[in-house]
Amino acid sequence: MNPPDISVLIVSFNTRDLLRRCLASLREQAGRAGIETIVVDNASRDGSADMVAAEFPEVRLIRSSANLGFGNANNLAFEQARGRYLVLLNSDAYLAPGLLDAALMRMDSSPGVGMAGGRLVGTDGGWQPSARMSPSLLNEFIILSGLAYRYPKSRLFGRFDRTWADPAEEAEVDWVPGAFAILRRDLIDRIGFFDPRFFLYYEEVDLCRRIRAAGCRIMYWPELVITHLGGESAKTLSGMEFSSHASQLTLWRMRSQALYYRKWHGFAGAWSAKALEQVWHWVRAFRNRGTVPAKARESEGLIRLWNQAWKETEGGTVSPPQPW
């Protein structure tokens, strides 16, 4: 049997109904590209794996007995993938008919591109951040201060999510989200897939950085439109603190942030990223203590979480035992 052109890798965690819609959209991709689909179920509690087995027999299903996180679950799928291209696809995303054919043609005609993403939109058609610049202390400050939100059309303040740019124009960027991305298999064979230390968050940022270090480009191709809800798996977890604007599991984000900065910017970079956010929240807590106690308590909690993340990762050098 000839290997497929594309292996679609999907990590599943408690999103049964959305996963069903995602897989149904893949059935509508019939075209030039030969496609195989691999689902890694991260020990879902909602019957996701049984649904896949019953309704999508063409899908290769891997049932994990534990939650492996995003990167390690994809690494497991990668070991079984046979396609010359890999497509990362979130279970809460779905594709328009013909999208994978279009992605295949773009990659075949762009040999210098190692990884590419498309235009992510919500169910209402609203734009989602789809092409980003690398994390840096300047970018962290711009986001923390609210300047990115207040002045999205500024090239300076809108730099991280490129909110200043025309979303209809393709661009070479630093990284694209793993909600949808197409990668070259031979490149991944050479540089390795996701760093297993990242349980959740920053794994695709790290991968894109390694791809660029290998001399390949990261592209944003806006004609590839992907409907993406976002954060649906994270919403099914409980007992953790969420950031107020992105439903992120804050402690996990901080752990991964510490790991990323220590890996690419050393001790000074990691410590500065931690200190920057803590100082910001110390000032915010001080200003709001007498007037808006809820904001003060939130900031004080975030300061404590950073101390916890720093201790657990030993200053960004160690990934705590997984699953987180």
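## Exercises on a predicted model

The side chains of Glu 58 and Arg 27 form a salt bridge, with N and O 2.7 Å apart. The pair ties together distant parts of the chain, 31 residues apart. Keep in mind that this is a predicted model.

**Exercise 1.** Work out which elements hold Glu 58 and Arg 27, and check the pair against the salt-bridge cut-off.

*Solution.* Start with the places: Arg 27 sits in helix H1 (residues 16-27), while Glu 58 is in the loop between H2 and E3. Next, the cut-off is a Lys or Arg side-chain nitrogen within 4 Å of a carboxyl oxygen of Asp or Glu. The pair has 2.7 Å from N to O, so it counts under that cut-off. As background, side chains of opposite charge can pair when their charged atoms come close. Finally, a search of the whole structure turns up 23 salt bridges.

**Exercise 2.** Trace the chain from E2 to E3: how do the two strands run, and what is the hand of the β-α-β unit?

*Solution.* Begin at strand E2 (residues 35-42), which runs parallel to strand E3 (residues 60-64), with 5 bridges joining them. For one spot to look at, take Asp 41, which stands opposite Arg 63 in E3. Then add helix H2 (residues 48-55): E2, H2 and E3 together make a right-handed β-α-β unit.

**Exercise 3.** Find what is unusual about the backbone at Ala 43 and at the bond between Gln 322 and Pro 323.

*Solution.* Recall the background first: most residues other than glycine have a negative phi, and most peptide bonds are trans. Now go to the loop between E2 and H2, where you'll find Ala 43. Its phi is positive, about 60 degrees, though Ala 43 isn't a glycine. Then move on to Pro 323, in the segment after helix H10 (293-312). The bond joining Gln 322 and Pro 323 is cis, with omega about 0 degrees.

**Exercise 4.** Locate the nonpolar surface patch that includes Val 279, and decide where to be wary of the model.

*Solution.* Val 279 lies in helix H9 (residues 250-288). Together with Trp 282, Val 283 and Phe 286, Val 279 makes a nonpolar surface patch of about 430 Å². As for confidence, the chain's mean pLDDT is 92, and 94% of its residues reach 70 or more. Residues 241-247 are where pLDDT stays under 50, and the model has 16 contacts beyond four places in sequence for them.

Key. Residues are numbered from 1 along each chain as its sequence is written. This is a predicted model: local features need pLDDT of at least 70, side-chain atom pairs count only at pLDDT 80 or more; totals for chains, interfaces and linings use all residues. Side-chain values use heavy atoms; hydrogens and water are left out. Two strands pair if DSSP finds at least two bridges between them. Helices (H or I, at least four residues) and strands (E, at least two) are DSSP runs, numbered from the N terminus. A crossover is right-handed if, with the strands pointing away from the viewer, the path from the first strand over the helix to the second runs clockwise. Patches are made of residues with over 30% relative accessible area and no salt bridge: like charges are joined within 9 Å, nonpolar side chains (Val, Leu, Ile, Met, Phe, Trp, Tyr) within 5 Å. Accessible areas come from the Shrake-Rupley method with a 1.4 Å probe; for residues, only the protein chains shown count as cover. pLDDT is the predictor's confidence in each residue, from 0 to 100. Contact means heavy atoms within 4.5 Å.
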